[in-house]
Amino acid sequence: MSSQGYSVLDKNRIRQIEAIVGKEHVLSSREDLICYGYDATNLEVLPGLVVFPGSAKEISDILILANGDRFPVVPRGMGTGFSGGAIPIHGGVVLVTTRLNRILEVDTENLIAIVEPGVVTGDFQKEVEKRGLYYPPDPASQLYCSLGGNVAECAGGPRAVKYGVTKDYVLGLEVVLPTGEVIETGVKTMKGVVGYDLTKLFVGSEGTLGIVTKIILRLLPLPEARKTAMVLFREVEDAATAVSRIISSKIVPSTLELMDNASIQCVEDYLNMGLPRDAGALLLIEVDGDREVLPKQMARIDEITSGLNRIEMKIAENDEETQTLWKARRALSPASYRLNPTKMAEDITVPRTEIAAFIRESKKIAGARNLKIINFGHAGDGNLHTSIMIDEKKEGEKKAAEEAIEEIFKLTVRLGGTLSGEHGVGITKAPYLDLELKQGALDVMKKIKKTLDPNNILNPGKIFKA
């Protein structure tokens with residue numbers, strides 16, 4: 001047995017797994033294992049084995065074997081997560097769902113689709129848009145993340161301000177429970193209140209309560225048109241006020257993104273776009289819907305922002321200009337690494353009215369420790385990506401960043417916010433869960449986990465402290 005009470009994967013167990021999925025769908029060399037021991041965090045743990053099942057039945061058989069022999073199983077999609085949810089901290093089997101990659105059905109009359117978890121989000125969006133339909137959730141990694149991973153984390157994205165997040169589009173699931181039973185949850189209809197809402201329980205459970213093998217998704221009609229603007233402000237407080245006033249004026253943009261001064265300077269160093277370095281904040285605003293309505297909405301946004309210490313407002317007149325305006329936001333992630341080689345990225349969410357206070361106070365927290373910080377993200381729903389950029393080779397800098405992150409989490413809770421808007425808890429936020437959740441709620445969550453996973457086989461050590 002290992003030190004955590006789990007069995008080591010010996011040759012006999014590996015042969016049993018190969019018999020379930022086929023030898024060609026099992027990886028065991030060190031070179032291969034390294035590729036599946038990390039995600040978008042800077043953390044890495046080598047698994048004992050990597051397995052690519054091709055059906056719910058194969059997943060069920062693996063979990064039944066895992067319960068009998070006591071080895072952990074860690075579900076993995078495309079490995080794009082930012083919370084360590086797919087990292088096998090206790091070793092065992094990493095179970096990759098990429099072979100389950102079929103779009104099974106697109107029902108254009110009932111506006112639903114049935115998909116497997118390995119379907120790439122961006123590919124699915126393109127497929128339904130060919131039919132005049134729309135799947136709004138748009139995480140930054142949409143071109144390579146999977147729908148199963150989106151369900152596990154309840155992924156969001158820029159369009160969440162108007163359209164909501166993944167949980168708002170999942171109608172039903174097929175799930176393999178930790179003990180191997182296969183169940184179906186939810187409905188194919190817009191309404192359904194028979195029994196507990198198990199679908200919502202599994203969405204956002206980060207692969208700790210079951211492995212999703214089929215997803216029923218709600219679709220919308222594709223918006224007819226969109227219009228995009230970039231607005232620069234002298235102070236971040238003015239940008240934050242603009243966010244609140246735009247939404248209170250009964251305009252709900254499909255995208256309302258914010259970049260603070262440090263973010264603007266990063267992008268300007270990287271692209272030399274001509275952005276004013278003294279700008280306090282930038283808003284990227286997009287509205288969509290009926291073509292004749294959009295100019296009126298953009299004119300109202302122009303009117304609202306003109307009285308808020310605005311530097312300038314640029315409105316795109318065609319697709320090429322739209323892509324130019326988006327260039328700054330899309331370049332921010334690579335541009336940020338010019339500050340330092342390692343990013344410690346969090347995704348707190350605060351009330352819109354507290355955005356300016358959060359940015360101001362988080363800069364103070366980082367500044368007191370001589371750390372570099374940028375704040376950007378989905379201002380329309382208060383979801384900010386606050387990133388501390390560090391050089392791990394500098395003595396004490398990582399420890400200082402960890403201390404700053406804890407203070408930033410405490411600040412978030414004081415402002416009425418939450419520690420994660422879309423990245424999830426995984427292992428990176430597990431130590432801080434009690435900053436936000438009361439003990440009673442934590443106890444209920446742990447009881448659910450214990451009931452569904454009595455041997456703690458599925459993704460152990462995630463969400464709750466290991």
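## Strand pairing

Two strands are said to pair if DSSP finds at least two bridges between them. In this predicted model, strand 16 and strand 18 (residues 383-390) meet that criterion, being joined in the antiparallel sense over five bridges. Within this pairing, Met-344 stands opposite Ile-388 of strand 18.

## The seven-stranded sheet

Both strands belong to an open sheet of seven strands, ordered 15-12-14-13-17-18-16, with antiparallel pairing. Strand 15 (310-315) and strand 16 (342-346) form the edges, each pairing on one side only. From one strand to the next, the twist averages 15°.

## Helices packed on the sheet

Helix 9 (residues 261-271) packs on the sheet and touches strand 12 (225-233), strand 13 (255-260), strand 14 (281-289) and strand 17 (372-378). The direction of helix 9 makes about 85° with that of strand 13.

Helix 11 (residues 319-336) also packs on the sheet, where its contacts are strand 12, strand 13, strand 14, strand 15, strand 16, strand 17 and strand 18. The angle between the directions of helix 11 and strand 12 is about 55°.

## Helix 1 and its buried side

In helix 1 (residues 11-21), the buried residues are Arg-13, Ile-14, Ile-17, Glu-18 and Val-21. They lie on the same side of helix 1 because they cover an arc of only 140° around the axis. An α-helix has 3.6 residues a turn, so residues three or four places apart point the same way.

The cover over these buried residues includes strand 1 (26-27), strand 2 (49-51), helix 3 (56-69) and strand 4 (93-96). Lys-11, Arg-15 and Ala-19 are exposed on the other side of helix 1. Gly-22 follows helix 1 and has a positive phi, near 95°.

How values were computed: Residues are numbered from 1 along each chain as its sequence is written. This is a predicted model: local features need pLDDT of at least 70, side-chain atom pairs count only at pLDDT 80 or more; totals for chains, interfaces and linings use all residues. Side-chain values use heavy atoms; hydrogens and water are left out. Helices (H or I, at least four residues) and strands (E, at least two) are DSSP runs, numbered from the N terminus. Axes are lines fitted to C-alpha atoms, for helices over the stretch in contact, and angles run from 0 to 180 degrees between N-to-C directions. Contact means heavy atoms within 4.5 Å. Buried means under 20% relative accessible area, exposed over 50%, partly exposed in between (1.4 Å probe, protein chains only). The arc is that of the directions from the helix axis to the C-beta atoms.
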